[in-house]
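Reader: I would like a close look at one part of this chain, the salt bridges. Please set them in the context of the whole.

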Amino acid sequence: MDSLKKEIDAYNAAKAEKVPAEILATMTQCTEDLKNSGIEAGALKKGDRMPDFELPNQHGKS
């Protein structure tokens, strides 16, 4: 877990150097808006089973 945190921190540092400040601010605001919407409450948690689903192929068939 510690190595993942380091990788995320490095990614964020590189992003901060390359992405304009106004875009970073928009990204941060959108992330906060999503968190405040309560969307996380409906997300699967560790140990939850993924519901069955099907995805279409390139021809639109399951």
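Author: What follows goes from the whole chain to its salt bridges and then to a surface patch. This is a predicted model, in which local features need pLDDT of at least 70 and side-chain atom pairs count only at pLDDT 80 or more, while totals for chains, interfaces and linings use all residues. Residues are numbered from 1 along each chain as its sequence is written, and side-chain values use heavy atoms, with hydrogens and water left out.

The chain contains two helices and zero strands; helices (H or I, at least four residues) and strands (E, at least two) are DSSP runs, numbered from the N terminus. Its radius of gyration, taken over C-alpha atoms, is 17 Å, whereas a compact globule of 62 residues would have one near 11 Å. The globule rule is 2.2 Å times the number of residues to the power 0.38. Along the principal axes, the C-alpha trace spans about 45 × 30 × 30 Å. Of the 62 residues, 2% are buried; buried means under 20% relative accessible area, exposed over 50%, and partly exposed in between (1.4 Å probe, protein chains only).

The whole structure holds two salt bridges, each defined as a side-chain nitrogen of Lys or Arg within 4 Å of a carboxyl oxygen of Asp or Glu. One of them joins the side chains of aspartate 2 and lysine 6, at 3.7 Å from N to O. These two residues are separated by about one helical turn because they are four residues apart in helix H1 (residues 2-18). Aspartate 2 and lysine 6 are both exposed.

Aspartate 9 pairs with lysine 5 in a salt bridge, with 3.1 Å between the closest N and O atoms. Aspartate 9 and lysine 5 also lie four residues apart in helix H1, about one turn of the helix. Aspartate 9 has 38% relative accessibility, so it counts as partly exposed. Lysine 5 is likewise partly exposed, at 48%.

Away from the salt bridges, Leu44, Met50, Phe53 and Leu55 make a nonpolar surface patch of about 470 Å². Patches are made of residues with over 30% relative accessible area and no salt bridge; like charges are joined within 9 Å, and nonpolar side chains (Val, Leu, Ile, Met, Phe, Trp, Tyr) within 5 Å. Areas come from the Shrake-Rupley method with a 1.4 Å probe, and for residues only the protein chains shown count as cover. Leucine 44 sits in the segment after helix H2 (21-37). Leucine 44 is partly exposed because its relative accessible area is 47%.
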